[in-house]
Every structure is written in structure tokens, then in C-alpha cells.
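Grab a pencil and work through these exercises with the structure open beside you. Each task comes with a solution in steps.

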Amino acid sequence: MKCTLCPRKCGADREKGLGACGVGDKIRVAKIMLHHWEEPSISGTRGSGAIFFSGCPLKCVYCQNREISHGGHGEEITVAQLAEAMLSLQAQGAHNINLVSPTQYSDKIKQAIDLIRDELEIPVVYNTGGYEDAEQIAGLRGYVDIFLTDIKYFSSEASKKYSSARDYFEMASHALDEMLKIAPECVFDEHGIMRGGVIIRHLVLPTLRADSIRVLETVAERIDISKIRLSLMSQYTPDFCDEHYRELKRKITTFEYQSVVDKATRLGYEGYIQEKSSASAKYTPEFRREENED
Ligand code: SF4
């Protein structure tokens, strides 16, 4: 069967070979763990139950998880084993099931959730690079509670150059519309842990400050941003980027990052801002805080 799970619609027969995302028909998983460095409302105090899937439809040139996303590093598991892994994370106290780079396995993920529907009590997070087919996202109704989606670029030149996806913003925007139909409001429990909603993540890249601002402005024009949370990330490190992209071979400056933070604040976004000084993924809850987010 020809695969059309992501906007590449490369049509690969994954039973016979690999798709453009680098993986075949079998689920490959690189890591299953309690993850403590996601946004505070996702990681909480006990951690997010992260399942890192191998392969990726985007394969950005600066990817920090290159071995997993580009190289397909990981172990093969069955749908039943994936379902067991979710229950095991739940038993370990995870606040949620965090599906990291799930796009290329979304059909199998739904099969796994169907197997344990009666036992799975924690929310399911769909943690994606944002390059998604809107129809596939619509099909996640009843399976996913929280969408943690990147919106990486506005410029089609940048998305073509760094992620081979000229139509990235268009696809990510339409996907976002579908996510908001499924999770129209951010819902938190009494401890500030997210139970449902959409978080838009944006990593500020060197030289692309103006594009980051266009992303923020355009999203704010398209949707009611009071319904989502924004997560701004400063953690870009040049170490993983190919020498060929010389403009990306440096960290972002304080000016670049702060100007994007200032714009987000002026536009009225609520959410999280990663510490500029942090090489690791530390967050300080910022912008305007929710009364129940503490
Ligand atoms: S998920 Fe992979 S195989 Fe399927 S269309 Fe996208 S790139 Fe091709």
C-alpha cells in the first residue's frame, strides 16, 4: 500500500522498502523513558512518558537527534509492544504518553491505543515537527488529547533549504486548524499539568529572527492565540549542522532571541520561554501566567 501519512505523500510501499521518512512498515523506537525536560505543564513532577520514534518526514539539516531521525536508529517493536510500553509508562507515574516524532507511524499508534483504550487513563501527547497532513490530524480525534507542534518557518525558502519542504508553513497551518478542532482549549488539572490543548513550539534559528517574528504574527492573525500556549526555544546548537550551511554554524545571539520574545509578549501570547543561557532544555514559565499553572 502506498503511504500518504505525511504531506510528502511519497507513496512508498513500506512493506517493501523505506519511505522518504527513512522507515519501513515496522514500528522502530529509539527510546522509551520518563522525560523531565519538556514544558513544565507536560513534564510536571513525575515526568512525561516519552516514546521516541525513529525516522522523520522532515530531516532538518540542523537536527539534534540525527541518528534517530535521519539514520533510523532504533529497535523494531510490534503494535502490541507499543501498547504495553504506554501502559508501563503509565504505571511508572508518567503524567502523559508523549509520542515524539509520531507522524510516520500514526496509523499504528491508533491501533496500539485501540488495544488499551480501557486501561489508558493519562492524556496522549502528539509531539510533532509540524509537517502534517490535515486529514491525518483530523483522524486523530479520540486518540490524542494534547498537540505539541512545532511551527518552524514562515518562509518557504527557509523551509525548503533546511527541511526540504517548500510548503511547510501551509501544511503546518492547516494541520494546526485541525488540531484546534480536536483540542480547542488548554485544560490543566489542579497541579497545572496539561490535560488537553495545543502548545506551539518555535525554535529560534540563527539569521532567521525576522522569520520567527513572521511566524508569530501570522499565527496570531489566523487563530485565537488565547486558546493555545506558545513555547519559545533558545536551545539551538550548531554542532549538529552540516558545514555546508555556514549561516547556521553559530548559536543565536541574545538580541535575536530577545527580539522574538519581546514580539511574542507584545502580541499577547501566553506560554513558556526557554532560558537563553541554558544549553539544556530548561524552561521558566513566562509571558502571562495562568492562575492554575504553577
Ligand atoms: S510518512 Fe514516510 S512513507 Fe509515508 S508519505 Fe510521509 S515520508 Fe512517505
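On a 1 Å grid over the protein atoms alone, a pocket is an open set of points with protein on both sides within 12 Å along at least five of seven lines, while a cavity is a set of points where a 1.4 Å probe fits but cannot get out; lining residues have an atom within 4 Å of a point. Keep in mind that this is a predicted model, where local features need pLDDT of at least 70 and side-chain atom pairs count only at pLDDT 80 or more, while totals for chains, interfaces and linings use all residues. Residues are numbered from 1 along each chain as its sequence is written, and side-chain values use heavy atoms, with hydrogens and water left out.

**Exercise 1. Explore the largest pocket and describe its lining.**

Step 1: start with the volume, meaning the space filled by probe spheres set on grid points that are joined across faces, edges and corners. For the largest pocket that is about 1,100 Å³.

Step 2: look at the walls. The lining has 44 residues, and Q64, N65, V100, R201 and Q235 lie nearest the centre.

Step 3: sort the lining by class, with Ala, Val, Leu, Ile, Met, Phe, Trp, Tyr, Cys and Pro as nonpolar, Asp, Glu, Lys and Arg as charged, and the others, Gly among them, as polar. You get 22 nonpolar, 16 polar and 6 charged residues.

Step 4: find the elements, which are DSSP runs numbered from the N terminus (helices: H or I, at least four residues; strands: E, at least two). Strand 1, strand 2 (48-53), helix 2 (66-69), strand 5 (124-128) and strand 8 each give at least two lining residues. Strand 1 has the largest share, with 4 residues.

**Exercise 2. Find the ligand and list what surrounds it.**

Step 1: where does the ligand sit? It's in the largest cavity, since sitting there means that more than half of its atoms lie within 2 Å of the grid points.

Step 2: size up that cavity, whose volume is about 90 Å³. Of its 13 lining residues, C3, C6, C10, R14 and C21 are the closest to the centre.

Step 3: list the ligand's neighbours, counting a residue as near if one of its heavy atoms lies within 4 Å. They are C3, L5, C6, K9, C10, R14, G19, A20, C21 and Q104. By class, this shell has 6 nonpolar, 2 polar and 2 charged residues.

**Exercise 3. Track down salt bridges and check how accessible their partners are.**

Step 1: get the total. The structure holds 17 salt bridges, each a side-chain nitrogen of Lys or Arg within 4 Å of a carboxyl oxygen of Asp or Glu.

Step 2: go to R201 and E38, whose side chains meet in a salt bridge at 2.2 Å, N to O. The two are 163 residues apart, with R201 in strand 8 (residues 194-203) and E38 in the loop between strand 1 (27-35) and helix 1 (40-43).

Step 3: are these partners buried or exposed? Use relative accessible area (buried: under 20%; exposed: over 50%; partly exposed: in between; 1.4 Å probe, protein chains only). R201 counts as buried because its value is 9%, and E38 counts as buried because its value is 8%.

Step 4: try E243 and K249, with closest N and O atoms 3.8 Å apart. E243 is exposed at 58%, whereas K249 is partly exposed at 28%.

Methods:
A residue is near a molecule or strand if one of its heavy atoms lies within 4 Å of it.
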